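Notebook open, model loaded. I want the overall build of the chain, then a look at one spot in it.

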Amino acid sequence: MSKTHTDLRNDFKDFWEESPRSHKHIKPASLVLKNDPTTLFTGSGMQQLVPYLMGEKHPQGKKLYNIQPCLRSQDIMEVGDNRHTTFFEMMGNWSLNDYFKEEQINWCFNYFTKTVDLNLKNLHFTVFEGTNDVPEDKESFDLWKSHGVPENHIHKYGVDHNWWSRYGSPTHMPEGEIGGPDSEVFYDFGENLNIHEKSKYAATQCHPNCQCGRFLEIGNSVFIQYIKNKNGKLEELSQKNVDYGGGLERIAAAVNNNPDVFETDLYREIVMEIEKNVKKKYSDEKYQSQFRIIADHLKAAVLLIINGVEPSNKEQGYVLRRFIRRTAVKMHQLGGGLTPLPGLESIIDRGILRVYDGVLGIDRSKQRSNVISVISKEAGKFSKTLDKGLREIEKLDFIDGKTAFDLYQSFGFPLEITEEFAMVKNIKIDDESFYKDFTIELQKHQETSRKSAKKRFGH
């Protein structure tokens, strides 16, 4: 039976609040973090819980859960396939020195096979294979097996896939950093869709961590049981924690038995509104990448604006500007443009605000006007130079760093947009000079601007 995103939210809440699990709901952190210079956005549910994972007492107890809005702008160039998004919601639960592997794996198994009602034959599980310093996670292997999971559906991976710390593998963990093995849940969409054969990212042999898209990670339980001591060795933590996260969008795709997260009800309306505006069909594979980028970037832009971000050339504002400009580029490629306004208005209002009304701090009636105004104004400014810049790019058969800077200075094209259009138009890029010479030219321009300002204002 199909489930909506509202069903999945309610199921998750009920599951973790029911006895004997009896978890307390914690308020999600703001998507845009205040007074945190280490990161621009909240990128995971555990970010706000680090002090408590390190031993501090949480005011709501040892067993917690929430659904955390997340944004990972570093994944922007990954968007375009069936599963990657910059904005997503992470459904998480935590044990702060309460239960550990046995209870977590038991509950995780029941959640996916009974509450979400996924067929066990489509589920695969991964465990940590161990290193010279950390033993293989046999306990997790045996626990999955005890629930009837066949051994050929339990896979062992090393530190690249089944170890978690904020710094990556054990060798990169600094003194005092916590971490541990994790156990992931994957949904297999099967061989009959020929996903592996069609993918340019496919490994020789398909497996859960293959990048072809046949397998979709839908949950990850991290067992935080180690700390790096002053001698550079891992030792057992006195407090053992569980940190679980599962992407709402990906679980929705698994429930639909459709590997494309953009065909879930979290994206269906926005895709339909884009179709109306550009007069093209999402089902046409040659347009799917553009559709996905527009849908993801506009949704991320809307959430950033609601969280108080405005387009600028710095930090969060620059990310917002980049989302809007990249949307404009993709709309141009689809032949839709970002004008006239009614097209953009319907995509934002009916495709995003209506779907999320009452969720994630969205109040459609109160926020609609401002969100549309900010995006249309920024898109309008960029659209004025977009056609001119594209005509200039089409005259070129080679782009180096200096040419890229000229396009930036004349038309406001960020480096990544020039690079993207060069790929679309099959224009050769000078890899050696593209980034290096662009940076040199930009620094020279900034220095000239500083000297000019100093002379003008006498400072």
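Started with secondary structure: I get 15 helices and eleven strands for the chain. This is a predicted model, which I'm keeping in mind throughout.

Checked compactness next. The radius of gyration is 24 Å, and the globule rule gives 23 Å for 459 residues, so the chain is as compact as a globular protein of that length. For the box, I read a C-alpha trace spanning about 65 × 55 × 50 Å along the principal axes.

Then burial and contacts. Of the 459 residues, 54% come out buried. Taking contacts with a separation of 6 or more, I find that 69% of them join residues 24 or more positions apart.

Surface and charge: about 21,800 Å² of the chain is exposed, with carbon and sulfur atoms supplying 46% of that. I counted 62 positive and 66 negative charges, and their mean positions lie 6 Å apart.

Now the one spot, Pro-311. Where does Pro-311 sit? I located it in the loop between α9 (288-306) and α10 (315-334). Buried or exposed, or in between? Its relative accessibility is 21%, and buried means under 20%, so Pro-311 counts as partly exposed.

Looked up its partners too, skipping neighbours within four places in sequence: Pro-311 is in contact with Gly-317, Leu-320, Arg-321, Ile-324, Val-374 and Glu-378. I took one of these pairs further: Pro-311 and Ile-324 are 13 residues apart in sequence, and their C-alpha atoms are 8.8 Å apart in space.

Definitions and conventions. Residues are numbered from 1 along each chain as its sequence is written. This is a predicted model: local features need pLDDT of at least 70, side-chain atom pairs count only at pLDDT 80 or more; totals for chains, interfaces and linings use all residues. Side-chain values use heavy atoms; hydrogens and water are left out. Helices (H or I, at least four residues) and strands (E, at least two) are DSSP runs, numbered from the N terminus. The radius of gyration is taken over C-alpha atoms; the globule rule is 2.2 Å times the number of residues to the power 0.38. Buried means under 20% relative accessible area, exposed over 50%, partly exposed in between (1.4 Å probe, protein chains only). Contact means heavy atoms within 4.5 Å. Accessible areas come from the Shrake-Rupley method with a 1.4 Å probe; for residues, only the protein chains shown count as cover. Lys and Arg count as positive and Asp and Glu as negative; His and the chain ends are not counted. The place of a charge is taken as NZ of Lys, CZ of Arg, CG of Asp or CD of Glu.
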